[in-house]
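Hi,

Here's the structure I promised to pass along. Have a look first, and then read on for what turned up.

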Amino acid sequence: MQSKNNNTEDKKQKVQFKNLNVFGPKIGHVKLPKDVVARMMSVTKDIIADKDKVKKNSSGVITDQINIPLEILKKDNTYKILNSLQEVYVSGFLNLKTETQIKDMWFNRQYQDDYSPVHYHDGCTISSVLYLKTPEYTPRVKDDKKHSDGCIVFMNNNHNNPQYSLENSTYSIRPSVGDFFIWPSRLLHCVYPFKGKGERRSVSFNGIHRIIKDEKTH
């Protein structure tokens, strides 16, 4: 005959929690179609060849950081496609009807030892990055560090030790071509340097969103 305590232990073991991910910043990720990636690659190539291109003042050590005029993307459906990603992201997490607008856009050309320090984006509510090219990574001497090279790292403002907070304070991703990430602009992030031949090219843009109120409720 089982004791009462044993029955209680069995019940505890059978309990299954559903994690309600309702707090904290949400990072969206999607693999964009090849035609969109090819279109953005073509845009960056044309701008690189333009002698009147406008360079940005980067906060990090980046070989080139160059503005992308939004008018170029509005000549076809590219602007609408990228802006729709913002709308899906925001409305999906807020469960509210929203409208979004791309505020500014640029691309980064990074090579060996280039990096971007910890920062956030102001003057906007949404930030995004799309990866067009990735380099060939050369392994480092320390095997336990080689997987950090070239990663984008997001940092949340919570306790540093998951043992006490039940949260991870950092999330690290080594991106590949076509990866698109979107997040709240206030979220801290950085980009680690890498060793190896080739270019890491990414397109970044900031956006703003507005919640559309239902006129019937007012």
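Which residues of α2 are exposed? They are K34, D35, K45, D46 and A49, on the other side of the helix from its buried residues. Bear in mind as you read that this is a predicted model.

Let's stay with that helix for a moment. α2 covers residues 34-49, and its end C-alpha atoms are 23 Å apart. At 1.5 Å a residue, its 16 residues should span 22 Å, so the two values agree.

The buried residues of α2 are V36, V37, M40, M41, V43, T44 and I47. Looking down the helix axis, you'd see them fall within an arc of 160 degrees, so they line one face of α2. And what covers them? The cover includes the strands β2 (64-67), β3 (98-110), β5 (126-133) and β10 (200-211), along with the helices α3 (70-73) and α4 (78-94).

Now for the cores. The largest nonpolar core has 26 residues, and L32, M40, I68, L82, M105, L130 and V203 have the most contacts inside it. Two or more residues come from each of α2, α3, α4, β3, β5, β8 (179-184) and β10. α2 gives the most, with 6 residues.

If you want one residue to click on, try L82: leaving aside residues up to four places away in sequence, L82 touches L32, M40, L73, I102, M105 and F205.

There's also a second, separate core of 9 residues, with Y131, I152, F154 and F181 among them.

Cheers

How values were computed: Residues are numbered from 1 along each chain as its sequence is written. This is a predicted model: local features need pLDDT of at least 70, side-chain atom pairs count only at pLDDT 80 or more; totals for chains, interfaces and linings use all residues. Side-chain values use heavy atoms; hydrogens and water are left out. Helices (H or I, at least four residues) and strands (E, at least two) are DSSP runs, numbered from the N terminus. The expected span of a helix is 1.5 Å times one less than its number of residues. Buried means under 20% relative accessible area, exposed over 50%, partly exposed in between (1.4 Å probe, protein chains only). The arc is that of the directions from the helix axis to the C-beta atoms. Contact means heavy atoms within 4.5 Å. A nonpolar core is a set of buried Ala, Val, Leu, Ile, Met, Phe, Trp, Tyr and Cys residues joined through side-chain atoms within 4.5 Å.
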